[in-house]
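The exercises below ask you to read a protein model step by step. Try each task yourself before you turn to the solution that follows it.

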Amino acid sequence: MALRAARDAAIWGGVALAVFVPLIGLQAVQDIRGELRLDTRWPLLVVLVAMVVGGSLVNSLLIAPWRERRGRRVPHENAALARAAAAFGRWFPPFAVGFVIVFPFLALWLTGMQGSVKWIDNFGIQILIYVMLGFGLNIVVGLAGLLDLGYVAFYAVGAYAYALLAKEFGFSFFTLLPLAGILAAFWGIILGFPVLRLRGDYLAIVTLAFGEIIRLVLINWVPVTNGYAGISGIPRPTFFGIPFNASDEGFAAVFGLEFSPIYRGIFLYYIILALALLTAFVTVRLRRLPIGRAWEALREDEIACRSLGIDTTTTKLTAFAIGAMFGGFAGSFFAARQGFISPESFTFMESATIVAIVVLGGMGSQIGVAVAAVAMIGGTELLRELDVLKEVFGREFDPTQYRMLLFGFAMVLIMIWKPRGLISSRAPSVFLKERKAVAGSLVKEGHG
Amino acid sequence: MDIFVQQLINGITLGSIYGLIAIGYTMVFGIIGMVNFAHGDVFMVSAFIALIAFLVLTTWIGIGSVTLALFIVLIVAMALTAVLNWGIERLAYRPLRGSFRLAPLISAIGMSIFLSNFIQVAQGPRNKSIPPLLSGEFVLMDGGGYQVTLSYKQIMVWVVTAVLLACFWWVVSRTALGRAQRACEQDQKMAALLGVDVDRTISITFVIGAALAAVAGTMYLMYYGVISFADGFTPGVKAFTAAVLGGIGSLPGAVIGGLLIGLVETLWSAYFSIDYKDVAAFSILAIVLIFLPQGLLGRPEVEKV
């Protein structure tokens, strides 16, 4: 085994050397005259190749045997463990909801007025936007089994609908929120209609193309969308007509508090929390309605579904429309929170991130989606905070540069570790006598 | 008419590049049924390898002959990109073989994000441009102030693409390797029973796909003279569009699809609006798939219950 490990390490070292000599060892740098010249970074090259060789050795000497032992172990029924898991499954969701409800006050209490802006805004709101998007896409991908790689289009429709209507006509956030959702749902039907006949990867690529088309139109339709420059000065949501600013009519002045941006942060946090919980609640209820059961039947077997008289056209279109509607809600919230939107925020990367959250969490599992969003978005946001690394790697080291690098690598590693997603059991919506969790591997992934 | 001929020439050049990338998508899809999302970024990385090889040759070694330099750059880029893609397949896709369909797709998207950010961190976020090479051109038609030209660079792209496609065609249709590959495409289990090493064949598929992407990357760098870490996505998506358009899984389909997408893009930019050229390419894709779901040359999918 040691010999095999050494051979693998040598192969991986060779691969790393071949790829890293040009890309790490040498660097094309523009000099003052604008011409390219080469810099060398041999010490870095040696460190990285050594890391790859070390990683390969650790994998083949420690991780691979461990996985093999675990795979060979006969799964035995451990009653106490099963009960503990069931109890965890029952109590974790309410506990998690309780935690996110008290989170802003916890942050305020622990880090004070100044420090908590970061935790509530950068972490709380950012993560909850992705949780909401994940829940919305989960309806399309996780329940109906239609792989949609252009979900960001509906997010963009919601954002631009709110931004344009609020700026032009002065409607308030809560008037426009349902309107943006309806518009996005409408676009969901329009884009869903042509792809009804498509299946599998064809569906994925056409939805991706639609996402790109919407983004390109946003870039090029300058009179309406202002192109690359985007739309700024989007009105912020108000607390029953009371704006969050430092004026005498502002929230802080009316309630006799000292002005701080944190009040708006907390307000926005609860809006997106309510929206995310609404999405989760609607999804849970929809699963028990005929339409939700039709979605899941469609995911399991489209032909059987059609043979049983389910209209696949309306089933698919409602999945697209309802998924898109929640994307539209999230989009208008995003526009209201940022106050500025541009096509840069609606690239394919966003769609890929949302799909990744849904799949990494375990398709169809609400808790899984939330956990994956916290892990992926929170994890990469956390890298901004790691000033400790600067002490280790020197002053110029900037951890934020490596955010997306690690994000991509983590996606690969989680998929290899758990191909069916982090949460591996599903709650059935129909059961005989007793509700039992279903293993995720028994759930089909759909044809579309 | 003059403009049309000129755009035809430009379109075929662009289409050759798309076609070369599309082969990588279509081969991988044909053999393991997976959309290799990272392929566009492999193409981008290969252009960077070509850039650095080119700089080593011109600034350090001081090669005088451009043709020789291009030849060496092409070989180096093909070899190193092939090694890279072999590594990617081993690391990110092989452990997921036989797993459910979305797992390799997500893994590939992760790999794509990783590769573009790796290049951004390792080589810097700014565009890299090389001095123009082979700057001569032939004047084909000269009528009324508008010259139709065929530049040396375009000839280079055509010749290199044609030669490599011919080599590739020979490998796939005449060698034992190609036979094993086509066998795995049709029925992996049966091929394995008949003594074909399926894992090795799949690895080689990735290696060949990467080598062709590296040719496209080198041509792209030489033709446009500029590359950045973000240049993998759009050509990648368009090449995938080309593969789907031609009928995914079909090799001649990939080349024809690539040429079509290249032509649509250049003709649209010439006659309509350059801003909406990508919209045109994607709309063509949607329209073709809606009326002809298996693509131009693809086999229709028969569904058995």
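**Exercise 1. A covered helix**

Task: Decide how many of the residues of α13(A) are buried, and describe the span of this helix.

Solution. Keep in mind throughout that this is a predicted model. Begin with burial: 13 of the 14 residues of α13(A) are buried, and the helix is thus described as mostly covered. Next, place the helix in the chain, where α13 of chain A takes up residues 348-361. From its first C-alpha to its last the helix reaches 20 Å, which is close to the 20 Å expected at 1.5 Å a residue. Finally, look just past the end of the helix, where Gly362(A) takes a positive phi of about 105°.

**Exercise 2. Three residues and their surroundings**

Task: For Thr207(A), Phe105(A) and Ser228(B), find where each one lies and classify its accessibility.

Solution. Start with Thr207(A), which lies in helix α6 of chain A, residues 200-220. Thr207(A) counts as buried because its relative accessibility is 5%, and buried means under 20%. Once neighbours within four places in sequence are left aside, Thr207(A) is in contact with Leu147(A), Asp148(A), Leu149(A) and Gly150(A).

Move on to Phe105(A), whose place is in helix α3 of chain A, residues 79-143. Its relative accessibility is 49%, so Phe105(A) counts as partly exposed. The C-alpha atom of Phe105(A) is separated by 25 Å from that of Ser332(A), a residue 227 residues apart from it along the chain.

The last of the three, Ser228(B), is found in the loop between β4 and α9 of chain B. Ser228(B) has a relative accessible area of 7% and is therefore buried. Leaving aside neighbours within four places in sequence, its contacts are Met44(B), Phe48(B) and Asn127(B).

**Exercise 3. Salt bridges**

Task: Work out which parts of chain B the pair Glu265(B) and Lys238(B) ties together, and then examine two pairs in chain A.

Solution. First, recall that side chains of opposite charge can pair when their charged atoms come close. Glu265(B) forms a salt bridge with Lys238(B), the closest N and O atoms being 3.3 Å apart. Because Glu265(B) lies in helix α10 and Lys238(B) in helix α9 of chain B, the pair ties together parts that are 27 residues apart in sequence. Both Glu265(B) and Lys238(B) are buried.

In chain A, the side chains of Asp8(A) and Arg7(A) meet in a salt bridge at 3.7 Å, N to O. Asp8(A) is buried, with a relative accessible area of 19%, whereas Arg7(A), at 47%, counts as partly exposed. A further salt bridge, at 3.2 Å, joins the side chains of Arg299(A) and Glu300(A). Here Arg299(A) counts as buried at 5% relative accessibility, while Glu300(A) is partly exposed at 26%. Over all chains, the count comes to 16 salt bridges.

**Exercise 4. Where the chains meet**

Task: Describe the contact between chain B and chain A, beginning with how many residues take part.

Solution. First count the residues: 68 residues of chain B are in contact with 64 residues of chain A. Then consider the area buried between the two chains, about 6,000 Å², of which carbon and sulfur atoms give 76%. On the side of chain B, Phe100(B), Arg101(B) and Ile106(B) lose the most area to chain A, together 11% of what that side buries. Turning to pairs across the interface, the count of salt bridges is zero, while six residue pairs are in polar contact. The largest share of the side of chain B that touches chain A, 16 residues, comes from α4(B). As a last step, sort the residues of that side of chain B, which divide into 48 nonpolar, 12 polar and eight charged.

Terms used: Residues numbered from 1 in each chain as written. Chains lettered and ligands numbered in written order. Predicted model: local features only at pLDDT ≥ 70, side-chain atom pairs only at ≥ 80, totals over all residues. Heavy atoms only, no water. Contact = heavy atoms within 4.5 Å. Buried area = accessible area lost by both parts, 1.4 Å probe. Salt bridge = Lys/Arg side-chain N within 4 Å of Asp/Glu carboxyl O. Polar contact = N/O pair within 3.5 Å; in protein donor to acceptor, adjacent residues only side chain to side chain. Helix = DSSP H or I, 4+ residues; strand = E, 2+ residues; numbered from the N terminus. Nonpolar A, V, L, I, M, F, W, Y, C, P; charged D, E, K, R; others polar. Expected span 1.5 Å × (residues − 1). Buried < 20%, exposed > 50% of the residue type's maximum accessible area, 1.4 Å probe, protein only.
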